[in-house]
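Student: I am new to this structure. Please take me through its aromatic rings with a close look.

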Amino acid sequence: MTDSQKQQRLAALNARVRQDLSYLNYPPANWSKPVTTAAGDDVSDVVVIGGGMCGLVAWHALTRAGIANLRIVDRAPKGFEGPWVTYARMETLRSPKILLGPALGVASLSFRAWFTALHGEAEWEELFRIPRPMWMDYLRWYRDVMDIPVENDTHVTRVVPRPDGLLELEIAGGAKPSIITRKLVMATGRDGLGEPTIPDFVKGMERHKSWAHSADEIDFDRLKGKRVVVIGVGASAVDNAAEALEQGAGEVRLLARRKEMPTVNKLMGIGSYGVTAGFAEISPEWRWRLMDYAAKQQTPAPHNSTLRVSRHPNAHFHFDCGIRSMREEGGEVVITTTGGRIFRTDFVILGTGFSIDPLSRSELAPYQDKIACWDDRYAPPPGEENPGLGRFPWLNGDFSFTEKEPGTAPWLKDIHCFNYGASVSVGKVSGDIPAISEGALWLARGVAASLFIRDVDYHWEALIAYEKPELEGTEWVDADAPTPAQKTA
């Protein structure tokens, strides 16, 4: 297929998307109450932070709900939102290619529709998994065909509750005009309510010189011919090991605390729409049990990602290697395991994942400690203790924060945590591809309901004032009405 043919087919798909949306009466008219500040400044109904997959589908769902006074911002340059072409380093996505992701029930918006328009059905049948950069290309198309007005290079550095009940978003530390909104959606991804997990054993060592986290920008060219140790054997650890090997690292050793490689992705064993729909409805005891079990079993790296490492003869997996200490010495890093083994390396990559904790989010200062977390509301039984899960926020069904102490931070109900931090409260519907459309619909429904309930007096007045007649009075005859007297000459 020539480039010209691809562009023609893509133009046809774009027309189909617009037609499908028009058949769905998209976009509906805005219905929310116009609001300004006392000084007459504009106020958004909703601001979405994050122009990646979660933010785009959240914007789409909110727009379809008739909420048009909406803005979406991202601190990244255009085309680089989310992890896909920044710190994500897997070859392909873990999710099967058939998942519908952010399509939100519109077939022409699916990845398959976009892929087959560009490459045809035969290539679709040949495709094993979606290459990571290709997924980013799809999201760029999704944004363009939906005309989603992401405001790039816009970094929200502080969320300030105002005395009038609104939220003021500080941009770039105050260097740019602030944004005032009634509601805020944090569609901020995997670490959107947390931070990279940095073990204590790297304290005192220089970041980017001796070590880096897998979410950091890493100069792999600098690692050519060098010895590299990767801590962990999860997906991000394996992806970074593979990247280092492919960039010419002299050797890569993966050190795992576990005695054996995890091999079973436990949550896939019960993956179904039932889990998606029912998780948020089951008791806290069951939600905790499921999440704790899955966390402790650990999710293995994908099959193809692991082979991507193993095909290199200079790659080595080491188990039962918890880290006792790590130090810089004579231009190298010396690692001592809990079993007394010594590893010497030139550079360490931490594949240690992310920790969720509202206390780590500076944009929510100084009231992060007023956000209720699971360890404020739930005490797990013996054997199910999990301090990490305890720091996940305790959310309402519309993803909004709750107060640790009622009455101390009422504005928290207007901040919606539509990111990985929501997974213990409402399930994995706000970060991963499989159920992201479901999550976006729940979010839009909750935000719309909240705005309507808050403005019910406004809508009542609108109801009273409504005078547009449905009937003109000529469409019927009252059979019992007196017959008008006929005039005589």
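Which charged end sits over the ring of Trp286, and how many Å from its centre?

Tutor: This is a predicted model. The charged end belongs to Arg289, and it sits over the Trp286 ring, 4.7 Å from the centre. Lys97 makes a similar kind of placement: its charged end sits over the ring of Trp124, 4.7 Å from the ring centre. Trp124 also belongs to an aromatic cluster. The other members of that cluster are Trp84, Phe111, Trp114, Phe115, Trp135, Tyr138, Trp141 and Tyr142.

Now the pairs. With ring centres within 6.5 Å as the cut-off, the count comes to 19 aromatic pairs. Take Phe399 and Phe418. Their rings are edge-to-face, with 90° between the planes and 5.1 Å centre to centre. Phe399 lies in the loop between α11 (387–390) and β17 (415–416), while Phe418 lies in the loop between β17 and α12 (423–426), so the pair ties together parts 19 residues apart in sequence. Phe399 and Phe418 are both buried.

β17 and α12 lead on to helix α13. The buried residues of α13 pack against β17 and α12, and also against β1 (44–49), α2 (53–64), β6 (176–186) and α7 (273–278). Helix α13 covers residues 436–454, 19 residues in total. From first C-alpha to last it reaches 27 Å, close to the 27 Å expected at 1.5 Å a residue. An aromatic residue, Trp442, is among its buried residues. Others include Ile436, Leu443, Val447 and Leu451. Smaller names appear there too, including Gly439, Ala440 and Gly446.

Technical notes: Residues numbered from 1 in each chain as written. Predicted model: local features only at pLDDT ≥ 70, side-chain atom pairs only at ≥ 80, totals over all residues. Heavy atoms only, no water. Phe/Tyr/Trp six-rings, centres within 6.5 Å; stacked < 30°, edge-to-face > 60°. Helix = DSSP H or I, 4+ residues; strand = E, 2+ residues; numbered from the N terminus. Buried < 20%, exposed > 50% of the residue type's maximum accessible area, 1.4 Å probe, protein only. Lys NZ or Arg CZ within 6 Å of the ring centre and 35° of its normal. Expected span 1.5 Å × (residues − 1). Contact = heavy atoms within 4.5 Å.
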